[in-house]
Amino acid sequence: MQLKEELTLIQRGNRSISEYLHMIKSLADEIALIDHPISDDDLTLYVLHGLGPEFHEIAALIRAREKYLFFEELHDMLVGHESYLRRMEAATHQLVAAANFTSHHFANKDNAFSVNQRKQ
């Protein structure tokens, strides 16, 4: 019962997808050792339940599938999505940095221009 409860309550939190899935798979394997294997369908639901808000889009797609996923397929999909989220975050940081540089650069030019006008 304790292992099943842990499996039900586990959350990804700040862990990587690989770490999170490893924890879930370890719990499921322990439960299987005591002769109560967990189906891939149920395992998928446990995984999706604890993912967190940044994975809602892909979780909805996985839930809408007509046929279930093997754990390895689920792993690959979630790792791919995590990689996509990191790329999007990096691109956003680059855009913000570029925007800050541009606004700072133009603000300095405007300031230099107004100083030069006052000197004349």
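Guide: Before we start, helices here are DSSP runs of H or I at least four residues long, strands are runs of E of at least two, and both are numbered from the N terminus. This is a predicted model, where local features need pLDDT of at least 70 and side-chain atom pairs count only at pLDDT 80 or more, while totals for chains, interfaces and linings use all residues. Residues are numbered from 1 along each chain as its sequence is written, and side-chain values use heavy atoms, with hydrogens and water left out.

Visitor: Fine. In what order do the elements of the protein run from the N terminus on?
Guide: There are five helices to place, and zero strands. From the N terminus on, that gives α-α-α-α-α.

Visitor: What share of the 120 residues in the protein is buried?
Guide: Let's fix the word: buried is under 20% relative accessible area, exposed is over 50%, and partly exposed is in between, using a 1.4 Å probe and protein chains only. By that cut-off, the buried share of the 120 residues is 22%.

Visitor: Which helix gives the most to the largest nonpolar core?
Guide: Such a core is a set of buried Ala, Val, Leu, Ile, Met, Phe, Trp, Tyr and Cys residues joined through side-chain atoms within 4.5 Å. The largest has 22 residues, and Tyr 20, Leu 21, Ile 24, Val 47, Leu 51, Ile 62 and Leu 78 have the most contacts inside it. Two or more residues come from each of helix 2 (17–33), helix 3 (40–49), helix 4 (56–64) and helix 5 (71–119). With seven residues, the top contributor is helix 2.

Visitor: Tyr 20 caught my eye. Which residues is Tyr 20 in contact with, leaving aside neighbours within four places in sequence?
Guide: Contact here means heavy atoms within 4.5 Å. Tyr 20 is also one of the core residues with the most contacts inside the core. Its partners beyond those neighbours are Ile 10, Gln 11, Arg 12, Arg 15, Tyr 46, Val 47, Gly 50 and Leu 51.

Visitor: Within what arc do the buried residues of helix 3 fall?
Guide: The buried residues of helix 3 are Leu 43, Thr 44, Val 47 and Leu 48. They line one face of the helix, because seen down its axis they fall within an arc (of the directions from the helix axis to the C-beta atoms) of 135°.

Visitor: And helix 4: which residues on its other side are exposed?
Guide: Start with the buried residues of helix 4, namely Ile 58, Ala 59 and Ile 62. Down the axis these fall within 105°, so they line one face of the helix. On the other side, the exposed residues are His 56, Glu 57, Leu 61 and Ala 64.

Visitor: How far apart in space are Leu 45 and Ala 59, C-alpha to C-alpha?
Guide: Leu 45 is found in helix 3, and at 47% relative accessible area it is partly exposed. Ala 59 is among the buried residues of helix 4. The two are 14 residues apart in sequence, and their C-alpha separation is 9.4 Å.

Visitor: Is His 81 buried or exposed?
Guide: His 81 lies in helix 5. Not counting residues up to four places away in sequence, it touches Glu 54, Phe 55 and Ile 58. Its relative accessibility is 12%, so His 81 counts as buried.

Visitor: What kind of aromatic pair do Tyr 68 and Phe 70 form?
Guide: Rings of Phe, Tyr and Trp (its six-membered ring) pair if their centres lie within 6.5 Å; planes under 30 degrees apart are stacked, over 60 edge-to-face, and the rest tilted. A search of the whole structure turns up one pair. Tyr 68 and Phe 70 sit 5.6 Å centre to centre with 70° between the planes, which makes the pair edge-to-face.

Visitor: At what distance from the ring centre of Phe 71 does Lys 25 lie?
Guide: A charge sits over a ring if NZ of Lys or CZ of Arg is within 6 Å of the ring centre and within 35 degrees of the ring normal. Lys 25 lies over the face of Phe 71, and the distance is 5.5 Å.

Visitor: Last one: which phi value does Asp 35 have?
Guide: Most residues other than glycine have a negative phi. Asp 35 is in the loop between helix 2 and helix 3, exposed at 64% relative accessible area. Although it is not a glycine, its phi is positive, at about 70°.
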